[in-house]
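Subject: Structure handover, with notes on salt bridges and a cavity

Hi there,

Here is the structure I promised to pass on to you. Have a look at it first, and then read on for what turned up.

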Amino acid sequence: MFSQLQPVATDPILGLMAAYQQDTNPNKIDLGVGVYKDEQGHTAVLKCVKKAEAMRLAKEDSKTYIGMAGDLGFNQHIEKLAFGPEHPALLAGRLTTAHTPGGTGALRVAAEFIKRANPDATIWVTTPTWANHISLFQAAGLKVKEYSYYDYDTKELLEAEMFAELAEVQPGDVVLLHACCHNPSGLDLTFAQWQRFTALAKERGFTPLVDMAYQGFGVGLDDDAAGLRHLAAEVDEMILCSSCSKNFGLYRERIGACTLMTATRAITETSRSVLLSVVRSIYSMPPAHGAIVVSHILDSQELTALWHQELAEMRNRINDYRQLIVDKFAAEGIEQDFSFITRQHGMFSFLGISKEQIERLKSEFSIYMVGSSRVSIAGLNHSNIDYFAQSVAKVLK
């Protein structure tokens, strides 16, 4: 049986990581991997996490299973963090959450739940979208289609095309939208565009699926969730997939959540039973450590305040570097307009340069980015940004 298998192509980002690690150039820069790095190029454990982990070790007295829904305290915190503590859907008992192995796990749980609810549903995703979205949904046996989103020429939203295409989505289909910090473009919807999307969802009868992997990395915790909260206040049903990898720095702990919002408390209870059945059939029960650490942080006013401070530091560093990139490019005499970088949010942006220029940056200057020209802003720091700007200037001339 195994001898019949054919090799599968390596994920481009993983291949890029391997090439970077083997590169001996002392000036090499990794702008491919989507992980936050500090000024020293290190992904450090947050101080609030360290303190919460110490609390957990002191209090933990059992390693027994925590149940299919995961840590219930974590689930409640995630709902309040995403929807706000006074959101009508939360107060009405219309939300149910399962904590999952990362945001990826949340998306796979959502996919399997959709398959049970409507096996004929088509999942609509933005063009472009996170590279793993399509394969995740297809692996669950769902049909996937794309709708217009990012204009590579103008670096703006293809608003007319997007809403024209979504106006053709059939009732019962599912439309995925990034809550904030769109990966890979960094281009987010305005609140007015969220309102327009919400009206269309109600009119067409499709189900929104919101992927929120970067809450707090764009403008702020509440601002980044404003569109989601408006949507949830207007529609009867939606799905939210969230992650604690970025905003809590818990990448390797794999902590995420899948939240269902239904029209009534009774439907929520039924949906919860199906959701937990899906969980049981995939991984049975989630890992506990990271979720309980998040719960400890959000249970404590002191640790919550520290988390807000550390999250703001990460967000501000990225936003500062967006402006710094534009300034450094101008200082190097680059005439091409890169001001769009400062109007985007989160860790990513497309530079909009050619594949040949991307290859030159890698082969001649050891600067690594994916072939779409997506760069991870957090890979830059004061020790390498001048070299980066100088290298880009050389390949653009």
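To start with a puzzle: is aspartate 30 buried or exposed? With a relative accessible area of 8%, aspartate 30 is buried, because the cut-off for that class is under 20%. Please keep in mind throughout that this is a predicted model.

**Salt bridges**

Aspartate 30 has a charged partner: its side chain meets that of lysine 37 in a salt bridge, at 3.6 Å from N to O. Lysine 37 is buried too, at a relative accessible area of 15%. As background, side chains of opposite charge can pair when their charged atoms come close. The count for the model comes to 12 salt bridges, and two others are worth a look on your screen.

One of them pairs glutamate 159 with arginine 196, whose closest N and O atoms are 3.3 Å apart. Glutamate 159 sits in helix H7 (residues 159–166) and arginine 196 in helix H8 (residues 191–204), so this pair ties together parts that are 37 residues apart in sequence. Both ends count as partly exposed, glutamate 159 with a relative accessibility of 29% and arginine 196 with 41%.

The other joins lysine 328 and aspartate 386, with 2.7 Å from N to O. Here helix H13 (residues 301–331) holds lysine 328 and helix H15 (residues 385–396) holds aspartate 386, so the parts tied together are 58 residues apart in sequence. Lysine 328 is partly exposed at 25% relative accessible area, and aspartate 386 is partly exposed at 33%. There is also a network, in which salt bridges with shared partners join Arg56, Glu60 and Lys63.

**The cavity**

Now to the empty space. How many cavities of 30 Å³ or more are there? The count comes to 1, and the largest cavity holds about 60 Å³ of space.

Its lining is made up of Ile78, Leu81, Ala82, Met212, Gln215, Ser242, Ser243, Cys244 and Asn247. Which element gives the most to that lining? Helix H3 does, with 3 residues. Helix H3 (72–83) and strand E7 (238–243) each supply at least two lining residues. By class, the lining has 5 nonpolar and 4 polar residues, with no charged ones.

That is what I have for you. Happy to talk it over whenever suits you.

Best wishes

Key
Residues are numbered from 1 along each chain as its sequence is written. This is a predicted model: local features need pLDDT of at least 70, side-chain atom pairs count only at pLDDT 80 or more; totals for chains, interfaces and linings use all residues. Side-chain values use heavy atoms; hydrogens and water are left out. On a 1 Å grid over the protein atoms alone, a cavity is a set of points where a 1.4 Å probe fits but cannot get out, and a pocket is an open set with protein on both sides within 12 Å along at least five of seven lines; lining residues have an atom within 4 Å of a point. Grid points are joined across faces, edges and corners, and a volume is the space filled by probe spheres set on the points. Helices (H or I, at least four residues) and strands (E, at least two) are DSSP runs, numbered from the N terminus. Ala, Val, Leu, Ile, Met, Phe, Trp, Tyr, Cys and Pro count as nonpolar, Asp, Glu, Lys and Arg as charged, and the others, Gly among them, as polar. A salt bridge is a side-chain nitrogen of Lys or Arg within 4 Å of a carboxyl oxygen of Asp or Glu. Buried means under 20% relative accessible area, exposed over 50%, partly exposed in between (1.4 Å probe, protein chains only).
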